Each structure stands twice: as structure tokens, then as C-alpha cells.
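Biologist: I am new to this structure and would like to learn how to read its features in order. May we go through them together, with the general idea before each case?

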Amino acid sequence: MKSLEQLTRPNIWSLAPYSSARNEYSGKVARVFLDANENPYNAPYNRYPDPLQEELKKAISNIKGVPAGNIFLGNGSDEAIDLPYRCFCRPDIDNVVAIEPTYGMYKVCADINEVEYRPVQLDEQYQMNADKLLVACDDNTKLIWLCSPNNPTGNSLNRDEILRVIEHFEGIVIVDEAYSDFSRQKSLRSELQKYPNLIILNTMSKAWGCAAIRLGMAFASADIIALFNKVKYPYNVNLLTQQKAMEAIANRIDVEKWIGLLLQERTHLMESFAMLPICEKVYPSDANFFLARMTNAQAIYDYLVDKGIIVRNRSRIQLCNNCLRVTIGTRSENSELLGALRQYE
């Protein structure tokens, strides 16, 4: 890869980050806080939270097998998606390459940051070709976006093709593994020490059942994490989020149970969908959702909305014509969905 300095926007590389009150002392146990213009009443909510979430990162490190110094925590994965644009991509000059179809926020953030977005279409099995992605790159390509398991298709990308991209691309490769807890494919977190140009994204919104607390994760080299910490807002993860995340980690046996139940329901629901006369194909899934090609996705979607049942119509996305994306719910929710579809005429 190119050096990190070559890849980073010059103004970001030379940026003097904001120094918060909580950043300016370390190694001491403080008792009296008169440094941040806080109200001394209403503890603990009167105090600014730890700007680097050190206790939470240690807990996540134990679970994910990544050193705390290689972890960035953000306000949902959306912050971790936006930061690479802000750190590496010069507006109206640089570009990024991504698979298509995939998660829509990669393009939204590109548009917000005035960065050209170059989609490369997957094949009919929703698999990527490393050479096609690399051909789409030029000297100003800073990032390649991959999502595995992919959203909205649900399948894991071929690991060998992902590694080929990482090994041959001179910029940063970002692999979004938001749904990896539902997949048997080994996480690429184990490859971080080998590939300094690799960023892995993860979240507490899916398997952890904590979408409401908005906690996203990025795993990368310590140098990339340092850049993210330089650019992020000083107190980007609030105290309530940090507390709730620690509670979830302390009760992670529940997460393992939820994953097991969801995988069982996924099998049952996908098999049941395949038997519906209005379903033409159910695509393989390694996520907590699946994609199904229907006879008339829009009409079926509207029918379900009238029944108070909400799925996602993905027909407007490349290679997903007439497809519904269905999230795996509880047994009763899944049964209600199937009951409604069996009555569809």
C-alpha cells in the first residue's frame, strides 16, 4: 500500500486536534473536577464521558480479540463509515470503489463529502470479482468498500477475492462485517496485523440487539485509529451508550442464545418462503435477513403494509428487481408474516 501519509488528506495529516479537558491529564486518579465548566450537581450525568471510551474498549477487546489500541468506537457504524472519507478523500479529486448492490450509506457519505463513487456490479450469484474492482481504480482511488455478509443480498463474499483486493490495492480496503455474527465465515479481524490497509467495521445494532444505543466499531491499525480519533468529535459516544454497552457485554450469553434462535428461525422462514407460490427464489443468507424474488414485490409489499407487517422492497436496487428483504423476527412474528402471505391472492 501507499504510506498512510500519502493516503491521508494533507490538512488532516497536519491537523492539530481539539484537546478536551479530559484528554489533558492521564495516569492520575482525579477526585475534584474543576476543569471542564461542568455543573457539580446531578452526578454522573453532569460529567463529560470518557472521550476515548477506554473501559469499554478493553471489554470489547476481550470479546473481539483485537487490542484496545486498534479499536475505534463511534456513534453507530455511520460515523465509522463517514470518517474514512473525511480522513482520506479530497473532495472533487479522489474517488472510491464499491460493490453493487450494497449498503446505501457508503454512497450517501461519498455524496455528502463530494467524492466520486464508482460501483462495480456483482455477478448473478451476488459475488464479487477482485480484478473488476481493481480495474475500476486509478491513482486517485483512496477506498474500496466491501460488505460481507452483504446488505441487501445476505451472502458472504468470497474470502479469497476479498484478500486479493486487499493485497493488490494501494489504498484502504474497508470490510463491513455488521452481520458477521450470523455467518460461519471467519472474521477478517484476524488479518489486521498482516494488512495495515484493512479496516473492519462492526456494530452492536445486529446480533447484540442494541440498535437504539448507536454504537459502531472500527478495527484497524493503531495509526488509522489515531487518525480517526484526531478527526472525530471530542465526546462522540455518550455515557448512556457506554454504560448500556458494558451491560450488554456482561450479559453476552444472551447474545449467543439470540443468535442460535435467529439462525433456527432463518432456516425455517427461508424454507417456508420457498414453498410460497408467490415466491420465485430465495437467495442464500449468512445474515439475520434474506432476499427473496417475488412475483410482484411492490404489490406484496403494499399488501403486507396494510396488514401492519413491514418488510423492505429492494426492487429499485441493481440485481434486486422484484425482491423483498425480510428480517428474521421471533417465531410469532415470522408465523404472522407467513400466515398473511399464504392468504395473498
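**Reading the sheets, helices and unusual bonds**

Modeller: Certainly. Please keep in mind that this is a predicted model.

Biologist: Let us begin with the sheets. In what order do the strands of the open sheet of seven strands stand?

Modeller: A general idea helps here: in a regular strand the side chains alternate between the two faces of the sheet. In this structure the order of the seven strands is β1-β7-β6-β5-β4-β2-β3, and their pairing is mixed. The edges are held by β1 (71–75) and β3 (116–121), each with a single partner strand, so one side of each is left without a neighbour in the sheet. On average, neighbouring strands of this sheet are turned by 25° against each other, direction ignored.

Biologist: How many bridges join β2 to β3, and which residue is the bridge partner of Glu100?

Modeller: Strand β2 (residues 95–100) runs parallel to β3, and six bridges join the two. Glu100 has Gln121 of β3 as its bridge partner.

Biologist: Which helices lie across this sheet?

Modeller: Helix α3 (residues 54–64) lies across β1, β6 (198–203) and β7 (215–219), at about 115° to β1. Helix α4 lies across β1, β2, β3, β4 (141–147), β5 (172–176), β6 and β7, at about 110° to β1.

Biologist: What is the order of the sheet that four strands form?

Modeller: That open sheet has the order β8-β9-β11-β10, with antiparallel pairing. Its edge strands are β8 and β10 (312–313), each of which pairs on one side only. Strand β8 (residues 279–282) pairs with strand β9 (residues 289–294) over three bridges, and a hairpin through six residues joins β8 to β9. Across this pair, Lys281 stands opposite Arg293 in β9. Five bridges join β9 to strand β11 (residues 323–327) in the antiparallel sense, with Phe290 opposite Val326 in β11. Helix α10 lies across β8, β9 and β11, at about 0° to β9.

Biologist: Is Asn288 buried or exposed, and which residues does it touch?

Modeller: Asn288 has its place in the loop between β8 and β9. With a relative accessible area of 12%, Asn288 is buried, because the cut-off for buried is under 20%. Not counting residues up to four places away in sequence, Asn288 touches Tyr179, Phe182, Val326, Thr327 and Ile328.

Biologist: Now the packing of helices. At what angle do α4 and α8 pack?

Modeller: The angle between two axes is read against set ranges, and 65 to 115 degrees counts as roughly perpendicular. Helix α4 (residues 76–88) and helix α8 (residues 222–231) pack at about 90°, with their axes 10 Å apart. The two are therefore roughly perpendicular to each other. Leu83, Pro84, Arg86, Cys87 and Phe88 of α4 meet Leu227, Phe228 and Val231 of α8. By class, this contact has seven nonpolar residues, no polar residues and one charged residue.

Biologist: How do α10 and α12 pack?

Modeller: Helix α10 (residues 252–274) and helix α12 (residues 331–342) pack at an angle of about 5°, and their axes are 11 Å apart. Angles under 35 degrees count as roughly parallel, and α10 and α12 are therefore roughly parallel to each other. On the α10 side the contact is made by Glu265, His268, Leu269, Ser272 and Phe273, and on the α12 side by Arg331, Asn334, Leu337, Leu338, Leu341 and Arg342. Five nonpolar, three polar and three charged residues make up this contact.

Biologist: How many disulfides are there?

Modeller: A disulfide requires two cysteine sulfur atoms within 2.5 Å, and by this rule the count is zero. The sulfur of Cys323 is 5.2 Å from the closest cysteine sulfur, in Cys320, which is too far for a bond. Cys323 is buried, at 0% relative accessibility. For Cys89 the closest cysteine sulfur is in Cys87, 9.4 Å away, again too far for a bond.

Biologist: Which backbone features deserve attention?

Modeller: Most residues other than glycine have a negative phi, and most peptide bonds are trans. Here a cis peptide bond joins Ala43 and Pro44, with omega about 0°. The bond from Glu100 to Pro101 is also cis, with omega near 5°, and Pro101 lies in the loop between β2 and α5 (105–112). Arg214, which is not a glycine, has a positive phi of about 55° and lies in the loop between β6 and β7. Asn322 has a positive phi of about 65° and is found in the loop between β10 and β11.

Notes: Residues are numbered from 1 along each chain as its sequence is written. This is a predicted model: local features need pLDDT of at least 70, side-chain atom pairs count only at pLDDT 80 or more; totals for chains, interfaces and linings use all residues. Side-chain values use heavy atoms; hydrogens and water are left out. Axes are lines fitted to C-alpha atoms, for helices over the stretch in contact, and angles run from 0 to 180 degrees between N-to-C directions. Angles under 35 degrees count as roughly parallel, over 145 as roughly antiparallel, 65 to 115 as roughly perpendicular and the rest as oblique. Contact means heavy atoms within 4.5 Å. Ala, Val, Leu, Ile, Met, Phe, Trp, Tyr, Cys and Pro count as nonpolar, Asp, Glu, Lys and Arg as charged, and the others, Gly among them, as polar. Buried means under 20% relative accessible area, exposed over 50%, partly exposed in between (1.4 Å probe, protein chains only). Two strands pair if DSSP finds at least two bridges between them.
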